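Student: Please take a close look at burial in this model. I would like to follow the helices and loops concerned residue by residue, together with any unusual backbone geometry.

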Amino acid sequence: MQKRSWAEPYKIKMVELLKMTSPEDRRKAILAAGLNTFLLRSEDVYIDLLTDSGVGAMSDRQWSGIMMGDEAYAGSRNFYHMRDTIEAYYSYKYTVPTHQGRGAEHILSKMLIKAGDYIPGNMYFTTTRLHQELAGATFVDVIVDAAHDPDNTMPFKGNVDFDKLNALVDDVGAEKIPYICIATCVNMAGGQPISLRNLKELRVWCDKHDIRFVHDMTRVAENAYFIQKQEIGYADKSIQEIVYEICQLSDIATQSSKKDAMVNIGGFLAMNDAVLYEEACALVVVYEGLHTYGGMAGRDMEALAIGIVESVQDDHIHARVGQVEYLGQRLMDHNVPIVQPVGGHAVFLNARKILPHLRQEHFPAQALSAALYQESGIRSMERGVVSAGRDKDTGENYMPRLELVRLTIPRRVYTQAHMDVTAESVVDVMHKADQVKGLRFTYEPELLRFFQARFEEINPA
Ligand code: F0G
């Protein structure tokens, strides 16, 4: 018998209507947005694949948690529920809530970094690196080379290269490295996972050099999916068990809970060290809020506690990453160049290959993202030279090897039919790629420029 079709492991209780727009409407909207999809109004978007952050569909259980919000200024019941859930599912003893991931990054960087320090990481994330730099550190990329090659199909492209890490220690000395920051399912590499074997080796390496191990666990459940599927010895372990095992290897964690944990807003800094926790509590009151709510409302902490449990269910994560894989496969069937293997949260289009006539200084990924919106009202995000920003010392653009457009899939929001429409739209844009023009800045903000930058089209020679 033929293999049965697959269906989402949930049914839909409430819907949000989408607006259809004309090509003329969309041309007007994208020009008004300075050809930057971040500056579009959401009501002008048909399928919104800008991000998977804060845009997931909460479950009926999470929504009922919202009604159970205890909005006391101090000691909210929901804080204790969240803290206990984090300890039970993620292993970390002490939790400081923050308004979202970057709030946790801010406090962590302030606590541990001294001017002149170095922070190694498995590729950078925009806000993470900026907080490290603002605290006086230099970020050093120690991810395996394969992560920078969109055509390399090696599994676990999020792994750390120990030669790079050892070279850094030889160069600057372990005392200049307060911590290593490791992301599970590396966003900027294309949602690529790190293996448990690599994580275990890293734990030993950190102990040997007396360097703290910080875990950016924003997408830890998706990482666990790849471990279950691909790493020897884990096929029979549940996602919940694998997530716990990953977390146990690190000392400190930051989480943007708007992704895997499926809340619209929230995050936390968690750790096992009581002294460090006291310090974090002292800082969180300055920048976020009292240590039992940080930047969150009680109701949001409740929804997060419930979301964490839902996020580590095998059915859920198989459907979630399965949908991303489905879109990737549809695109590969049409020979669209994408980052391989397909990652956990998004499919990344290789803009260098789709727009070979554009040089990187004319922002091919930005131009492709604007063109896709004009084609079909699908909103994506640039993840290339614009996102990479400028070197703080030389002022030169960072020129990343990866020049990508991210089609990010929100959790539990779109159906397989939306994925079909998306794939067809990308293929249509690819077929008229030679009409896509390069861009130049008309406005370039100094920090995290991709959010607010504006562009105009040029006709490169
Ligand atoms: N770390 C990772 C790996 C992230 O992907 C993000 C956010 C953050 C930290 C920061 O968290 O937004 O809650 O402050 N990524 C979003 C994205 C914005 O679209 O990829 P935040």
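Tutor: A residue is called buried under 20% relative accessible area, exposed over 50%, and partly exposed in between (1.4 Å probe, protein chains only). Helices (H or I, at least four residues) and strands (E, at least two) are DSSP runs, numbered from the N terminus. The model is predicted, so local features need pLDDT of at least 70 and side-chain atom pairs pLDDT 80 or more, while totals for chains, interfaces and linings use all residues. Residues are numbered from 1 along each chain as its sequence is written, and side-chain values use heavy atoms, without hydrogens and water.

Helix 16 is a suitable place to begin. This helix covers residues 416–431, which makes 16 residues. From the first C-alpha to the last, helix 16 reaches 23 Å, close to the 22 Å expected at 1.5 Å a residue (1.5 Å times one less than the number of residues). Its buried residues start with His418, Met419 and Asp420, continue through Thr422 and Ala423, and go on to Ser425, Val426, Val427, Val429 and Met430. Val427 will return below, as a member of a nonpolar core.

Helix 8 may be examined next. Why can helix 8 be described as largely enclosed by the rest of the structure? The reason lies in its burial: 9 of the 11 residues of helix 8 are buried, so the helix is largely enclosed. The buried run opens with Val220, Ala221, Glu222, Asn223 and Ala224, and it continues with Tyr225, Phe226, Ile227 and Gln228. A charged residue, Glu222, is thus found among nonpolar ones such as Val220 and Phe226 in this buried list. Several elements cover these buried residues, where contact means heavy atoms within 4.5 Å. Among the helices that provide this cover are helix 3 (77–90), helix 7 (196–209) and helix 9 (239–248). Helix 11 (298–311) and helix 12 also take part, as does strand 6 (212–216).

Helix 8 leads directly to the largest nonpolar core, a core being a set of buried Ala, Val, Leu, Ile, Met, Phe, Trp, Tyr and Cys residues joined through side-chain atoms within 4.5 Å. In soluble globular proteins, nonpolar side chains tend to be buried together. The largest core here has 59 residues, and Tyr90 and Val243 touch the most other members. Helix 8 (residues 220–230) supplies the largest share of this core, 6 residues. A second core is separate and has 49 residues, including Leu331, Leu349, Ile409 and Val427.

Tyr90 deserves a separate description. Setting aside neighbours within four places in sequence, Tyr90 is in contact with Val243, Tyr244 and Cys247. Its other contacts of this kind are Thr85, Met217, Val220, Gln255, Phe268, Ile308 and Ser311. Val220 therefore links two parts of this account, because it is one of the buried residues of helix 8, which is largely enclosed, and it also touches Tyr90.

Two adjacent loop residues offer a contrast in burial. Ile113 is in the loop between helix 4 and strand 3, and Lys114 is found in the loop between helix 4 (101–112) and strand 3 (118–121). Is each of them buried or exposed? Ile113 is buried, with a relative accessible area of 9%, whereas Lys114 is exposed at 53%. Not counting residues up to four places away, Ile113 touches Ile119, Gln132, Ala135, Gly136, Ala137, Pro178 and Tyr179. For Lys114, the contacts counted in this way are Ala135 and Gly136. Lys114 and Ala135 are 21 residues apart along the chain, and their C-alpha atoms are separated by 6.9 Å. Ile113 and Ile177 are 64 residues apart in sequence and 8.5 Å apart in space, C-alpha to C-alpha.

Backbone geometry remains. Most residues other than glycine have a negative phi, and most peptide bonds are trans. In the loop between helix 12 and strand 9 lies Asn335, which has a positive phi of about 60 degrees although it is not a glycine. Asn335 counts as exposed, at 64% relative accessibility. Pro341 has its place in the loop between helix 12 and strand 9 (346–350), and the peptide bond from Gln340 to Pro341 is cis, with omega near -10 degrees. Leu448 also has a positive phi, of about 45 degrees, without being a glycine. Leu448 is found in the loop between strand 13 (439–443) and strand 14 (454–457), and it is partly exposed, with a relative accessible area of 23%.
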